[in-house]
Amino acid sequence: MFRIIICGVLATVTIVATVSLSIGQDRREITTQRERARTQMVHPPGDPKPLLYEAGATAPNSARLLTTGDETDGAWSLVELTEMPGTKTTWHRHPHTDQAYYVREGVFTVKVEDKIYQLHAGGYIFIPRGTPHGTGNVGSVPVNVLLIDGPAGFERYFQARPDLL
């Protein structure tokens with residue numbers, strides 16, 4: 001009987017120790033992610049290198065992932081997009097993501113619900129999650145915009161697109 005009790009106690013101690021180590025590892029991983037999210041980021045011009053993707057335009061578009069969800073603990077992301085003439089998205093919505101665009105160069109066309117906006121350099125638009133919209137460059141020169149998504153995650157779309165070229 002004593003051996004059975006000792007074996008039971010040892011088994012319990014082993015299980016508790018294993019679970020504690022596992023929980024400790026999870027906490028260290030979460031802490032590391034949060035520390036990474038607090039790290040300052042500085043990018044010189046042209047860095048990070050742009051990712052090229054096809055969007056039916058006159059030439060491939062590019063996306064520079066300036067800040068990803070990995071760096072903000074999933075809170076938001078910042079992507080610089082250069083869209084060539086002829087770029088046009090399909091009519092769509094993001095049920096879990098708010099989007100904001102800031103136009104740096106060119107004229108960015110955005111249709112939100114039943115309104116069409118021609119946003120020139122310095123223009124800004126916020127598109128709440130779930131709102132039907134489409135974007136494009138109907139002009140003759142490239143458009144450069146900053147895209148902020150919150151929460152993060154949409155930037156992975158641009159990471160996957162170059163593989164399709």
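How much space lies in the second largest pocket? I looked this up before anything else and found about 180 Å³. The model I am working from is a predicted one.

**Entry 1. Second largest pocket**

I listed the residues that line the second largest pocket. They are Lys88, Thr89, Thr90, Trp91, Thr109, Val110, Lys111, Ile116, Gly134, Thr135, Gly136 and Val138. I then asked which strands each supply at least two residues of this lining. Strand S5 (108–112) and strand S8 (133–136) do so. By residue class, the lining divides into 4 nonpolar, 6 polar and 2 charged residues.

**Entry 2. Largest pocket**

I turned to the largest pocket, for which the volume is about 260 Å³. Its lining consists of 20 residues, and those nearest the centre are Thr89, Thr135, Phe154, Tyr157 and Phe158. I noted that Thr89 and Thr135 had already appeared in the lining of the second largest pocket. At least two lining residues of the largest pocket come from each of strand S3 (77–83), strand S4 (98–105) and helix H2 (155–160). Sorted by class, this lining holds 8 nonpolar, 8 polar and 4 charged residues.

**Entry 3. The chain as a whole**

I next recorded the secondary structure of the protein chain, which comes to 2 helices and 9 strands. Read from the N terminus, the order is α-β-β-β-β-β-β-β-β-β-α. The chain has 165 residues, and 35% of them are buried. Among contacts with a separation of 6 or more, 63% are between residues 24 or more positions apart. The chain exposes about 10400 Å², and carbon and sulfur atoms supply 60% of that area.

**Entry 4. Nonpolar core**

Which residues touch the most other members of the largest nonpolar core? The core has 17 residues, and I found Leu81, Tyr101, Phe108, Val110, Ile125, Val145 and Phe158 in that role. At least two residues of this core come from each of S2, S3, S4, S5, strand S7 (124–127) and strand S9 (143–150).

I followed Phe158 further, since this residue also lies among those nearest the centre of the largest pocket. Leaving out residues up to four places away in sequence, Phe158 touches Leu51, Tyr53, Ala63, Leu65, Val79, Leu81 and Leu147. Leu81, one of these partners, is itself listed with Phe158 among the core residues that touch the most other members. I also noted Val110 in two places, in that core list and in the lining of the second largest pocket.

**Entry 5. Cis peptide bonds**

I checked omega at two prolines. Asp47 and Pro48 are joined by a cis peptide bond, with omega about 0°. Pro48 sits in the loop between helix H1 (2–37) and strand S1 (51–53). Gly150 and Pro151 are likewise joined by a cis peptide bond, here with omega about -5°. The place of Pro151 is the loop between S9 and H2.

**Entry 6. Positive phi outside glycine**

I looked at two residues other than glycine with positive phi. For Asp73, phi is about 60°. Asp73 belongs to the loop between S2 and S3. Is Asp73 buried or exposed? The relative accessible area of Asp73 is 44%, so this residue counts as partly exposed. For Glu113, phi is near 55°. Glu113 lies in the loop between S5 and strand S6 (115–119).

**Entry 7. Thr68**

I returned to the loop between strand S2 (61–67) and S3, where Thr68 is found. Why does Thr68 count as buried? The relative accessibility of Thr68 is 12%, and buried means under 20%; Thr68 is therefore classed as buried. Not counting residues up to four places away in sequence, Thr68 touches Trp76, Ser77 and Glu155.

**Entry 8. His120**

My last entry concerns His120, in the loop between S6 and S7. His120 has a relative accessible area of 48% and is partly exposed. With residues up to four places away in sequence left out, its contacts are Val103, Gly106 and Val107. I also recorded the separation of the C-alpha atoms of His120 and Arg104, which is 7.9 Å for two residues 16 apart along the chain.

Notes
Residues numbered from 1 in each chain as written. Predicted model: local features only at pLDDT ≥ 70, side-chain atom pairs only at ≥ 80, totals over all residues. Heavy atoms only, no water. 1 Å grid on protein atoms, 1.4 Å probe; cavity = no way out; pocket = protein on both sides within 12 Å on 5 of 7 lines; lining within 4 Å. Points joined across faces, edges and corners; volume = space filled by probe spheres on them. Helix = DSSP H or I, 4+ residues; strand = E, 2+ residues; numbered from the N terminus. Nonpolar A, V, L, I, M, F, W, Y, C, P; charged D, E, K, R; others polar. Buried < 20%, exposed > 50% of the residue type's maximum accessible area, 1.4 Å probe, protein only. Contact = heavy atoms within 4.5 Å. Areas by Shrake-Rupley, 256 points an atom, 1.4 Å probe, with all protein chains shown as cover. Core = buried A, V, L, I, M, F, W, Y, C linked by side-chain atoms within 4.5 Å.
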